[in-house]
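Open the model in a viewer and keep the sequence panel beside it. The tour below goes from selection to selection and says what is found at each stop.

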Amino acid sequence: MKIVLLQDVKSLGKAGALVEVSEGYARNFLLPKKLGAPATAENLNTLKLKKANADRIAAEQLAEAQALAKRLEAAEVKLAIKGGENGKTYGSVSTKEIAEAVKQQLSLEIDRKKIVLAEPIKSFGSFETAVKLHKDVQAKLKVQVVEA
C-alpha cells in the first residue's frame with residue numbers, strides 16, 4: 001500500500017515522502033496515529049502544493065538573507081569600551097554587545113547567537129566577524145573597537 005507520510009517516521013522516511021508499506025502496518029499504525037495518509041490523487045496534489053509553497057518561502061528567506069548580507073558587509077559598527085595600558089581592554093567584546101551596536105547604529109535586528117567570533121576581542125582595532133544569516137548565507141561584519 002502506498003502512503004504519503006505526514007510526519008517523520010524513523011524507520012520509513014521524512015514528512016512528505018511517498019513510501020510503500022504493508023496494508024497492516026498502514027491500517028494499524030500509520031493511519032490511526034495520523035503519521036501518514038493513503039496515496040490518493042487528492043493527497044498527492046496537496047503534498048505537491050505544500051512542497052511548492054515551502055520552496056517559495058525558502059527562496060524568499062534566502063533572498064532576504066542575501067540582501068541583509070550585502071547591507072552588513074557594506075557597514076561598519078563602532079564599539080567604545082574602557083581600556084587599560086598597552087591597548088588592552090577591560091574584559092572582552094561579546095556577541096551581545098555587537099548585536100546591540102548593530103541594532104543602534106544600523107537599525108537591524110540580529111540575533112547574538114548568529115554572530116560568530118573566531119576568538120574573543122580583547123584589544124582595540126578593527127576586526128571582522130562572521131554573521132550566519134541563513135544556512136547558505138554568511139556575511140562579514142566589520143567591528144571597530146575604540147577606547148571610551
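Start with helix 2, residues 41–74, in what is a predicted model. Helix 2 lies across strand 4, strand 8 and strand 9, and runs at about 30° to strand 9. Next add helix 3, residues 95–106, which also packs on the sheet. Helix 3 touches strand 4, strand 6, strand 8 and strand 9, and the angle between its direction and that of strand 4 is about 120°.

**The sheet**

Hide the helices and keep the strands. In what order do the four strands of the open sheet run? The order is 4-9-8-6, and the pairing is mixed. Select strand 4 (76–81) and strand 6 (115–116): these stand at the edges with a single partner strand each, so one side of each has no neighbour in the sheet.

Now select residues 125–132 and residues 138–147, which are strand 8 and strand 9. The two pair in the antiparallel sense over eight bridges, and a hairpin of five residues joins strand 8 to strand 9. Two cross-strand positions can be picked out here. F127 stands opposite V143 in strand 9, and E128 stands opposite K142 in strand 9.

Move to the pairing of strand 4 with strand 9. Is it parallel or antiparallel? Strand 4 and strand 9 pair in the parallel sense, over six bridges. For a marker, select L79, which stands opposite V145 in strand 9.

**A residue inside the sheet**

Return to strand 8 and select T129. Is T129 buried or exposed? Its relative accessibility is 2%, and the cut-off for buried is under 20%, so T129 counts as buried. Show the contacts of T129, leaving aside its neighbours within four places in sequence. They are I98, I115, V116, L117, I121, A139, K140, L141 and V143. V143 has already been met on this tour, as the residue in strand 9 opposite F127.

**Two loop residues with positive phi**

The next two stops concern the backbone. Most residues other than glycine have a negative phi. Select K34, in the loop between helix 1 (23–30) and strand 3 (36–38). K34 is not a glycine, yet its phi is positive, at about 60°. With a relative accessibility of 59%, against a cut-off of over 50%, K34 counts as exposed.

Then select S107, in the loop between helix 3 and strand 6. S107 is not a glycine either, and its phi is positive at about 55°. The relative accessible area of S107 is 60%, and S107 is exposed.

**The largest pocket**

For the last stop, select V4, L5, L6, A15, G16, A37, N43, T46, L47 and K50, which line the largest pocket. The space in this pocket is about 180 Å³. Which elements give two or more residues to the lining? They are strand 1 (2–5) and helix 2. Helix 2, where the tour began, gives the most, with four residues. Colour the lining by residue class to see six nonpolar, three polar and one charged.

Methods: Residues are numbered from 1 along each chain as its sequence is written. This is a predicted model: local features need pLDDT of at least 70, side-chain atom pairs count only at pLDDT 80 or more; totals for chains, interfaces and linings use all residues. Side-chain values use heavy atoms; hydrogens and water are left out. Two strands pair if DSSP finds at least two bridges between them. Contact means heavy atoms within 4.5 Å. Axes are lines fitted to C-alpha atoms, for helices over the stretch in contact, and angles run from 0 to 180 degrees between N-to-C directions. Buried means under 20% relative accessible area, exposed over 50%, partly exposed in between (1.4 Å probe, protein chains only). On a 1 Å grid over the protein atoms alone, a cavity is a set of points where a 1.4 Å probe fits but cannot get out, and a pocket is an open set with protein on both sides within 12 Å along at least five of seven lines; lining residues have an atom within 4 Å of a point. Grid points are joined across faces, edges and corners, and a volume is the space filled by probe spheres set on the points. Ala, Val, Leu, Ile, Met, Phe, Trp, Tyr, Cys and Pro count as nonpolar, Asp, Glu, Lys and Arg as charged, and the others, Gly among them, as polar.
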